[in-house]
Amino acid sequence: MKRFTVLDLLDLDLKEHNHLQLKCIAGRSGLSREIPTEKISRPGLALAGYFVDFSSDSIQLFGRGEQSYLQLLEEKNEWENIHKLFSYNIPCLIFIGGAKPSEQFVDLAEKNATAVLTTPLESATFSRRAYALLDEVFAQSQTIHGVLVEVYGIGILITGDSGIGKSETALELIERGHRLISDDTVKIRKLSDNYLIGSGENPMLAHHMEIRGIGIINLQTLFGVGAIREKKQVQLSVRLEKWDEKKNYDRLGDQDTCTIMGITIPQVVFPVSPGRNIPSLIETAARNERLKKLGYYSSKEFDQSVLKWLESQAARKLYYNTDRK
């Protein structure tokens, strides 16, 4: 991951409910300081003089309690702990609720090149939004050669050897009204250690597609903004491979999986051969995956139906054999 600074935090493309509404009010010379961790700390204990295990490498959030205690220290002219706070290489200080520190505090921030930010949000709201964003920024990531599409609300990662028809399959799905997230290279990030989010490796190129025989096409221009989206959770893996007559392919729908960065997701393997409609198969797989999320498993229902049929056949045989005696 590239170096993430305080200026990057201010410049993040924050939309809708994730908007942090941050503004720098002091220490602009410290905007280039790196934020090395996604942690957010409350410096209450530090202001009280307890610096053991002080998280100096994290963002320092001044909530109502910290602001009140800071004001009390200033009124008592007790600046020792405040000076010691600034002696650490803190990424930045954030005051919530639109509050602004005193002139003396601002002078200290300027002297130590530490950025002071303010937001009108309250602590709980700001922390919730900031953790969600920082978790995404610092998430473990991996780039995979493939295509990511959204089919019936399911994020499907299509992989396979070069030339197998991944882009052509995705193009057919888009023509059927589904959406493309990225073609050729997919950047997958592991969030909260329990799910995967896929997006384009390069946002400027993600919605372009290479079709052999045609060249590069722009999906947004051809099909409109409704045919694309920026990111999507990866919920199903579809692997395309050439048909191998010697291989025994799954015919009963047993659950197969694959693992990406320690996260296990369902996987289906589709053998590609002339006459097979792969886009239709992927649509069916997406519908089936939605049913599974609702607790309905077609293969299990089939097994139960077969067992009931076998039991009924056995009961009939037993009945007729007993009746003849």
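The following conversation explains how several descriptions of this predicted model are reached.

Colleague: What makes β9 and β16 the edges of the open sheet of six strands?

Modeller: The strand order is β9-β7-β8-β15-β17-β16, and the pairing is mixed. β9 (179–182) and β16 (256–260) each have a single partner strand, so one side of each is left without a neighbour in the sheet. From one strand to the next, the twist averages 35°.

Colleague: How do you know that β7 and β9 are paired?

Modeller: Two strands pair if at least two bridges are found between them. Strand β7 (residues 147–151) and β9 have three bridges, in the antiparallel sense. Therefore β7 and β9 count as paired. At one of these places, L148 has S182 in β9 as its bridge partner.

Colleague: Which helices lie across this sheet?

Modeller: Helix α7 (residues 166–175) lies across β7, β8, β9 and β15, and runs at about 25° to β7. Helix α9 (residues 278–293) lies across β7, β8, β15 and β17, and runs at about 150° to β17.

Colleague: Why is α7 called roughly perpendicular to α9?

Modeller: The two helices pack at an angle of about 65°, with their axes 9 Å apart. Angles of 65 to 115 degrees count as roughly perpendicular, and α7 is therefore described as roughly perpendicular to α9. The crossing of α7 and α9 is right-handed.

Colleague: Which residues meet where α7 and α9 pack?

Modeller: On the α7 side they are T169, E172 and L173, and on the α9 side I278, P279, I282 and E283. By class, the contact of α7 with α9 has four nonpolar residues, one polar and two charged. Glu counts as charged, so E172 and E283 belong to the charged class.

Colleague: Why is α4, in contrast, called roughly parallel to α5?

Modeller: Helix α4 (residues 80–87) and helix α5 (residues 103–111) pack at an angle of about 30°, their axes being 10 Å apart. Angles under 35 degrees count as roughly parallel, and α4 is therefore roughly parallel to α5. The crossing of α4 and α5 is right-handed. I82, H83 and F86 in α4 meet F105, L108 and A109 in α5. Five nonpolar residues, one polar and no charged ones make up the contact of α4 with α5.

Colleague: Which strands form the edges of the open sheet of five strands?

Modeller: This sheet has the order β1-β5-β4-β3-β2, with mixed pairing. Its edge strands are β1 (23–26) and β2 (40–41), each of which pairs on one side only.

Colleague: How do you know that β2 is paired with β3?

Modeller: The cut-off is at least two bridges. Two bridges join β2 to strand β3 (residues 59–62), and these strands run parallel. The requirement is therefore met. Within this pairing, S41 stands opposite Q60 in β3.

Colleague: How many bridges join β4 to β3, and how many join β4 to β5?

Modeller: β3 and β4 are joined by three bridges and run parallel, with F62 opposite F95 in β4. β4 and strand β5 (residues 115–118) pair in the parallel sense over four bridges. In β5, V116 is the bridge partner of L93.

Colleague: What makes both faces of β4 count as covered?

Modeller: In strand β4 (residues 92–95), C92 and I94 lie on one side, L93 and F95 on the other, and all are buried.

Colleague: Is H207 buried or exposed?

Modeller: H207 is in the loop between β11 and β12. Its relative accessible area is 13%. Buried means under 20%, so H207 is buried. Beyond its neighbours within four places in sequence, H207 is in contact with residues including L180, I181 and Q220. H207 and Q220 are 13 residues apart in sequence, and their C-alpha atoms are 6.8 Å apart.

Colleague: Why is N77 called exposed, and D184 partly exposed?

Modeller: N77, in the loop between α3 and α4, has a relative accessible area of 59%. Exposed means over 50%, so N77 is exposed. D184, in the loop between β9 and β10, has 39% relative accessibility. Partly exposed lies between 20% and 50%, so D184 counts as partly exposed. Neither is a glycine, yet N77 has a positive phi of about 60° and D184 a positive phi of about 80°.

Notes: Residues are numbered from 1 along each chain as its sequence is written. This is a predicted model: local features need pLDDT of at least 70, side-chain atom pairs count only at pLDDT 80 or more; totals for chains, interfaces and linings use all residues. Side-chain values use heavy atoms; hydrogens and water are left out. Axes are lines fitted to C-alpha atoms, for helices over the stretch in contact, and angles run from 0 to 180 degrees between N-to-C directions. Contact means heavy atoms within 4.5 Å. Angles under 35 degrees count as roughly parallel, over 145 as roughly antiparallel, 65 to 115 as roughly perpendicular and the rest as oblique. A crossing is left-handed if the near helix is turned anticlockwise from the far one by less than a right angle, and right-handed if clockwise. Buried means under 20% relative accessible area, exposed over 50%, partly exposed in between (1.4 Å probe, protein chains only).
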